[in-house]
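Here is a briefing on a predicted model. It starts with the contact between two chains, then turns to a helix and a surface patch.

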Amino acid sequence: MGKKQKDKIVLPPDLPPEIPDDEVEVSDEDLQFVNENRGYASLFSTLDTQSITKHVTRVADAKDDALEKLYEKRLRKNALKKEKEETGIQVDRVDALPIKSLDGQLYYRTAAKAESQNGPSEEETGEDGNDDKGLVKLTKAEKRAKLKKLRKEGKKQGKEVPKEEVEQTPQSAVLAEVKEDLTTEEAFESKKSKLAELGNALLTDPESNIKFLKDMVQICRDNDPTIVKLGLLSLLAVFKDIIPGYRIRLPTEKELEMKVSKTVRKMRYYESTLLSSYKAYLQRLMYLEKKPLFQLVAVRCICTLLDAHPHFNFKENLLDATIRNISSTNEAIRKLCCSTVKSLFTNEGKHGGESTVEAVRLIADLVKANNCQLHPDSIEVFLSLSFDEDLGKPEKNDEDQKFKNKKNKKRKNMEGLNQLPDNDRKRSRLESNSKTKEEVEAEYKAASFTLDVAERRQMQSETLSAVFETYFRILKHTMHSIATRPEVNTGALSATVEPHPLFAPCLKGLGKFSHLIDLDFMGDLMNHLKVLASGGSNSGNSSEKCPKVLTVTERLQCCIVAFKVMRNNLDALNVDLQDFFVHLYNLIMEYRPGRDQGEVLAEALKIMLCEDKQHDMQKTAAFIKRLATLSLCYGSAESMAALVTVKHLLQKNVKCRNLLENDTGGGSVSGTIPKYLPYSMDPNLSGALASVLWELNLLSKHYHPSISTMAAGISSMNVAQNQVILSKTSPTQALKEMSLDQELTSPQHNGTIKLNNKKRRTNDPAVSPSPSSTSVASSSFDEDELRKKLGSHFMLLRDIRENGRLRKQLDKTTLSLQLYEQYKKQKQRSKPKKKAIA
Amino acid sequence: MRPLDEKETTAVFEKLFKFVGNNLKNIVENPSHEGPDPNPGRYCFRLHKNKIYYASESLVKRATNVARPNLVSLGTCIGKYTHGGNFHLTVQALNLLAANAKHKVWLKPQSEMSFLYGNHVLKSALGRITENIAPGDGVVVFSMADVPLGFGVAAKSTQDCRKLDPNGIVVLHQADVGEYLRMEDEL
C-alpha cells in the first residue's frame, strides 16, 4: 500500500491537458515580472518546449538508476495486479464487463477495478491472515507510520510542483486535481487510521472502550465500499476477540429496577452495548450479503463468526445465512460455507450439538425447497457428522441406574428399617439433607454445560432423522426423474435430462451411516436402490431404447450401498441380495474402462463377491466366466482386479474349478442348462458351468507380466490341490497397485520385479512375512542383479549374432573360393582341349 | 395323455409362477436336446391320469405309440390333480423349480433333517434367505451346499423374519426329497 503511494509521489503527474496558447491565462503579476526583468525572460525565447514536455513525462529531479528501478517496480506491480485479477477473488468481473471496441480491443472499466484493487486485497489478506491480536496491532501501527510519511511526502510534492508551475501556468489545473485526489485519499486514510485506532483500543481494553464499537459500526455505513469492507473486517477481528464464552442474556426490567453494585452496572452496560452493536453489525452483514460487491466479505465475516462463536446470541441468523450460501455458484463462498458447517459438525463441544441439529435441519429444508437441485458440496458436509455409538444403546445405562437406584432404595430401606425405632427428628433431618442434595445436584447440572444423556440422544435422533429425510428425498427425486423420463421421451425426443447432482454424495452418506438406518425403512430403501441400480430399465420395454439416465458408476454405487446397508444391519439373518447380483452381472458388461471409475467397480467386486460368504455355484461360475471374459478387454488395472476376484472365487468354491477342466459340458454339475449362454441376463441361468475358462490361456500371454502370471497361477490352481491359503489382496488393492504400477513402469524390468514380489506375496504369504523395508532392499538388490543378468544375456545374444554373421561371411568366401577353383579347373580343362583342337 | 386345457394351464402356470416368477418363460422355452432330431424341440406339459408331466416334444411324439392304459409315465412328473380338483406340485418338480427359483432359503446343516422329515422351516433353521420374499411366495429350500431339499410357501416376509422369534415358522412345508423314501408308493 505504502509503496504504491511512494511510487505515485516520485513518478510524474500526467501531462497537462493540451490547451491552446490563446486560452492560457497569464496573471498580471507574471506579466509585470516579465516586463521588469526582461533579462530573465530571455531564456523563454530559447525554451525548447518539446524537451520540457519530455522531461516532465520523465521525472524532474531523480537519478536515472532510481527512476529505472521505480519503473521496473511499477511494471512488476502491474503484472502482479494482473495475476491477482486473474486468480483473485476480489475483482468482480460481473460488475466490470469489458467493452469491445470495433477494432477488437477489450476495454475494462478501470474505475471498478481500481476500486476493488485499491488496497483492500492487501489489507484483507493481512487482516484475516493474522488472527493474532499482536499481529493485527502491528499492521495498524505500520499503517499509521506510513500515513505520516505519506503526508510529509505529499507536502514535499506540493512544494515541488509549484517550481514547475512558475514556468507553466496550465499545470494549475493538474495541481487542483492532485489536491483533490490527495484530500479524498487523506479522508480515506484518516478513516482507515480511525478504524485502526478504534480497533486497537477495543482490543487492548474492551471493557472501558466498548462504546467505540458503535463508532466502528457507523463507519461500516460509509459510502466508500473499500472503507466498508475494511470496517467489516476489522469489526470481525474485534468481535472475534471480545465475544465472551457464554450467551448474553439481557436483564429484564425487574432486574434493571433492582439496585446493583457499580461493577455489575458496568458489566451490564458492557454486555448490552456489545450485544446491540453486534446485532447492528450482523444486520449490516445480512444486508451486504445480498449485494454482489460485498458478498464474499460478508460471507467470510459470517462464517468466521459462526466458526469462532457458535454458542453466542443470534447464532441462528448466522447459521441461516451460512446455509443459504452453501450451494452458492461462487466457488470461494461455497467452500467457506462448507468448511464452516463441517467444523460446526466436528466441534460439537463448542455449542453442545444444538447448532448441528439446526444446521442439518436447515440443509434438509434447503434441499426440499430447491427440489434437490443443489451443488453436491451442500450434502457432502453430512459426511463429517459423527454420531456417538454408545448413545444408541441407552438401555444399559438405564439398567445400571435402575440397579443403582434399587441398591440405594434397598439401602435406604435398610436404613429406614434400622432407624425405625429412632425418633422423628432424625428422620426429618435426613429428609432435609437429601432435599438439599437434590437441589445442589440440579443446580450443578444447570451450571455445567454437559448435557443430559437423554437430551443428547434426542438431539442425535433429530439430526439423524433430518439427514435421512434428506437422503431419502434425494433418492426419491432421482427415482422420480428416472421414472418420468421414458414418458417424456415418447413425447419429445430431446427431453431435458433432469440432473441429479446430489445423488453421488447421497449414496456416499447412506453407505457411511448405513448402520444407523431404522429397520423399518430398510425395505423401502432396498426397493428404491434396486430400481436405481437397474437404471430404471424394469419399467418396460420402452425405456430400454432410451439411454440410461444413471451412469454405470452410480448404479454400481447403488449396489455397493445396498450391500453395505445389509451387511451392517445384519444381526442374525443372512440375506441373499439376488437382484443386486443380477444387476452387478449386467453392469460388469456395461463397464467401460475409460468412462467409468475403476475404483467403484473394484469396490463392488470386493464387497459383493469377495466378502460375501456363500454363493450359488451357478452364480459364482457365471461371475467367474464373465469376469474372465471381460478382463480380456479391460485395462490392465481393472483386469487385475477382476482376476483377483476370479481367483478368490475359485479358491472358495471348489466345485467351480470344473471350469478349469478341459472339457465342455460341465458334466453333472452343469444343471439344466446344457450350453453356456454368454448374453443371459441372469447369472443363475447362464449355464456357465458348461463352459471352459479358455480366457486364462489368452491372459497368460498378456503383455503385462503380473497379469500373465496371475492368469497362469489361476489356471494351474486345479493341479496344485493343496493350495488352501486365501490370498489377502482384495480387488481394490490390486487395482490401486496396478494403476500405480502403470505410472511407474516406464522401464520394463521394473514391472518384472514387481511381478516377482507379487508372486511371492500372493502365492505363499506365510513363508515371507518380511517387513516392507527388507523387501524394498531386496528389490533394489534384485534390480542390480537383474541388470547384470540382462546385460550378460544381451551380450550373449550379440555374440551369437556376430558369430552367425562371421560364419555367413566364411561360407561366402569359401563358396567363392570353390567357384574360383572350379573356374580354374575348367580353364585348365579347356586349355588342353584347345590345344588338342589346335 | 392329452395337452392341458386352458383352465388347467392357468392353474399349472400360476402355481409355477409363484416359485419361478418371470423365469417361467425359461421353463416353457427351454430347448430340449433329447431324441435324434437335429433341431432342438421344446418342452411341453401333458396330463395323464391326473398327473401333469413335463416332457420334451420328441418324447411326447414317441409316447403316442403307447396305449393310454399301458403308459405309466413320461418325462418328469411335476404335479397332480387332487380329487378336489386342485393342482399340487409334487417333489419331482424340485429340479425344475430349483434351477429357476426366485426365492430361496438355505438351511443350516443341523436343521436339514428336520425339514426332510416333513417339518416346516423355523427361523432358527435359516442359514440364509433371499431378499424381499413376500408372504405367500413359493420358496425353494436348499442345504448350505446348494443342494435342493424341497420347497414350500413363505409364511413371513424377509423383513418380518428379522424380528421373528427363533421358533417362528418361516416356510410352510409342501414337499421335500425325504418323500422319495417316506411316500415311495404314492409317487
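Between chain A and chain B, the count of residue pairs in polar contact (both at pLDDT 80 or more) is zero. A polar contact is a pair of N or O atoms within 3.5 Å; within protein, one must be able to donate a hydrogen and the other to accept it, and residues adjacent in sequence count only if both atoms are side-chain atoms. This is a predicted model: local features need pLDDT of at least 70, side-chain atom pairs count only at pLDDT 80 or more, and totals for chains, interfaces and linings use all residues. Side-chain values use heavy atoms, without hydrogens and water.

**Chain A with chain B**
- Salt bridges (a side-chain nitrogen of Lys or Arg within 4 Å of a carboxyl oxygen of Asp or Glu) between the two chains also number zero.
- Elements giving two or more residues to the chain A side are α23 (519-533), β3 (575-576) and α26 (578-590).
- Helices (H or I, at least four residues) and strands (E, at least two) are DSSP runs, numbered from the N terminus.
- α23(A) supplies the largest share of that side, seven residues.
- Chain A puts 28 residues into the contact (heavy atoms within 4.5 Å), and chain B puts in 26.

**Helix α27(A)**
- Ten of the 13 residues of α27(A) (residues 598-610) are buried, so the rest of the structure largely encloses this helix.
- Buried means under 20% relative accessible area, exposed over 50%, partly exposed in between (1.4 Å probe, protein chains only).
- Among the buried residues are Gly598(A), Leu605(A) and Cys610(A).

**Helix α34(A)**
- Ile800(A) lies in α34(A), residues 772-837.
- Ile800(A) is exposed, at 53% relative accessible area.

Definitions and conventions: Residues are numbered from 1 along each chain as its sequence is written. Chains are lettered from A and ligands numbered from 1 in the order in which they are written.
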